[in-house]
Amino acid sequence: MATVTYEAIATQTLGSDTASITFSSIASTWTDIRLIAAVIPQGSDPTFALRFNGDTGSNYSYTDIRGSGSSASSTRNSNLTYLYLEGVTNPTGTPSLYDVNLFGYAGSTYKTILSRKNNENYVTALAGLWRSTSAINEIQFSADRFNAAGRLGAGSVFTLYGIKAE
Amino acid sequence: MIANQVAGLLAGGVPPVIPGDYESIQTVTVGSGGASYIEFSSIANTYKHLQIRAIGRSSESGSNNSGTSIQFNSDTSTNYSWHVMYGNGSSTGSVGFANTNIIGIGEGTGAGAGANTFGAFVIDILDYANTNKYKTVRTLNGWENNGTGTLLFVSGAWRNTNAVSSIKITTGGSGFVQYSKFALYGIK
């Protein structure tokens, strides 16, 4: 039987608004991980961020590029306590699509992330870094940068895929 | 299912990925001795598209980043062209190159970057075996170094109607360092 190269690991579909979701006990079986999400932002700060392995230290950073339909811009943030996927506010009630690629997530180097986001207001992409040599075994996707005001809206869908290189 | 529809959309308009339609073809993991280049050879023409997923770091000294390039079928002539759009944390820009002997596919980190940091690449070679067309390449690439970094989109063309049967990837300095990893996948 052929080895499965691209495999759905887990899916979460929200029945109600929630502050965050977590994928835990992620095996080190694959080479890369891809998180694809269709998120309906709700709450007063509908922006989203990731944490790995529960790390709340200042071990995250990113460089992004974004287009609004009238201009393009690029920003950078360092020494964050989360990997911020945004930089811009999402319109509530309208799905935002996220395509988050975690390269060599189980390897012994720092973890590089390439992420794209699309919604009705912006197209964005970012290069992120988690400065840890530990394998990623947990991914937390949170509204409002792990504060209390934002929500992942009911109907949001999150799917984790594993990609295996032979 | 929404997740499959989303996966299909975000894969660039191709149908949703089904296990078995996305296959690992070849993988190169750079060992302690480094690698002056990465090469995939004897690529079968049985897939519809190719994708390379990679992390790369070069030995190029004095630089946080290192340009990385691709060539096909040992063609070193000026049969390539490419455009790039980038954001570096403070500004955005775009630049194009015609009649070149490589396609620049983005940047890995260099020896000046923090230890353990690598650039990441997703490289798509679309309709690679079609002998009625030139070959189109697109790349999503970025590197991040906690204070420096760049995000790049690249579009390139190889003006040759032959099926892609080999791929060579090069970078600065004396090449790729340990733990760089390039994985070639075929999409049916």
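This report walks through a predicted model, mostly its chain B, from overall confidence down to single residues.

## Ground rules and confidence

Because the model is predicted, local features need pLDDT of at least 70 and side-chain atom pairs count only at pLDDT 80 or more, while totals for chains, interfaces and linings use all residues. Residues are numbered from 1 along each chain as its sequence is written, chains are lettered from A and ligands numbered from 1 in the order in which they are written, and side-chain values use heavy atoms, with hydrogens and water left out.

The model comes with ipTM 0.94 and pTM 0.92. For chain B, the average pLDDT (the predictor's confidence in each residue, from 0 to 100) is 92, and 90% of the residues score at least 70. The stretch to watch is residues 1-15 of chain B, where pLDDT is below 50. Beyond near neighbours in sequence, that stretch has 28 contacts in the model, a contact being heavy atoms within 4.5 Å.

## Chain B at a glance

Chain B has one helix and twelve strands. These are DSSP runs numbered from the N terminus: H or I and at least four residues for helices, E and at least two for strands. Going along the sequence, the helix is followed by the strands, in the pattern α-β-β-β-β-β-β-β-β-β-β-β-β.

Of the 188 residues in chain B, 49% are buried; that label means under 20% relative accessible area, with exposed over 50% and partly exposed in between (1.4 Å probe, protein chains only). Chain B exposes about 7,600 Å², with carbon and sulfur atoms supplying 49% of that area. Those areas come from the Shrake-Rupley method with a 1.4 Å probe, and for residues only the protein chains shown count as cover. Take the contacts in chain B between residues at least 6 apart in sequence: 74% of them join residues at least 24 apart.

## The eight-stranded sheet

An open sheet in chain B puts eight strands in the order 1-12-3-8-9-10-5-6, with antiparallel pairing. Two strands count as paired if DSSP finds at least two bridges between them. At the edges sit strand 1 (22-29) and strand 6 (92-100) of chain B, each pairing on one side only. From one strand to the next, the twist averages 15°; axes here are lines fitted to C-alpha atoms (for helices over the stretch in contact), and angles run from 0 to 180 degrees between N-to-C directions.

Strand 5 (residues 80-87) of chain B runs antiparallel to strand 6 of chain B, and seven bridges join them. Bridge partners include B:V84 with B:V95 and B:Y86 with B:G93. The two strands form a hairpin with four residues between them, and B:G89 in the turn has a positive phi of about 95°.

## Strand 7, well covered

Strand 7 (residues 103-109) of chain B is largely enclosed by the rest of the structure, because seven of its seven residues are buried. Strand 7 of chain B pairs with strand 4 of chain B in the antiparallel sense over six bridges. One of the bridge partnerships there is B:S69 with B:G104.

## Two nonpolar cores

A nonpolar core here is a set of buried Ala, Val, Leu, Ile, Met, Phe, Trp, Tyr and Cys residues joined through side-chain atoms within 4.5 Å. The largest has 35 residues, and those touching the most other members include A:L50, A:F52 and A:F141. Leaving aside neighbours within four places in sequence, A:L50 is in contact with residues including A:L35, A:Y60, A:I139 and A:F146. A second, separate core of 30 residues includes B:V84, B:L152, B:V164 and B:I169.

## Residues worth a click

B:N145 lies in the loop between strand 9 (135-144) and strand 10 (149-158) of chain B. Loop or not, B:N145 is buried, with a relative accessible area of 15%. Not counting residues up to four places away in sequence, B:N145 touches A:L129, B:N64, B:A113, B:G114 and B:T117. B:N145 and B:T117 are 28 residues apart in sequence and 6.8 Å apart in space, C-alpha to C-alpha.

B:S74 sits in the loop between strand 4 (65-72) and strand 5 of chain B, and is exposed at 60% relative accessible area. Phi of B:S74 is near 60°, a positive value in a residue other than glycine. B:N99, in strand 6 of chain B, has a positive phi of about 55° although it is not a glycine. B:T100 is also placed in strand 6 of chain B and counts as buried at 16% relative accessibility.
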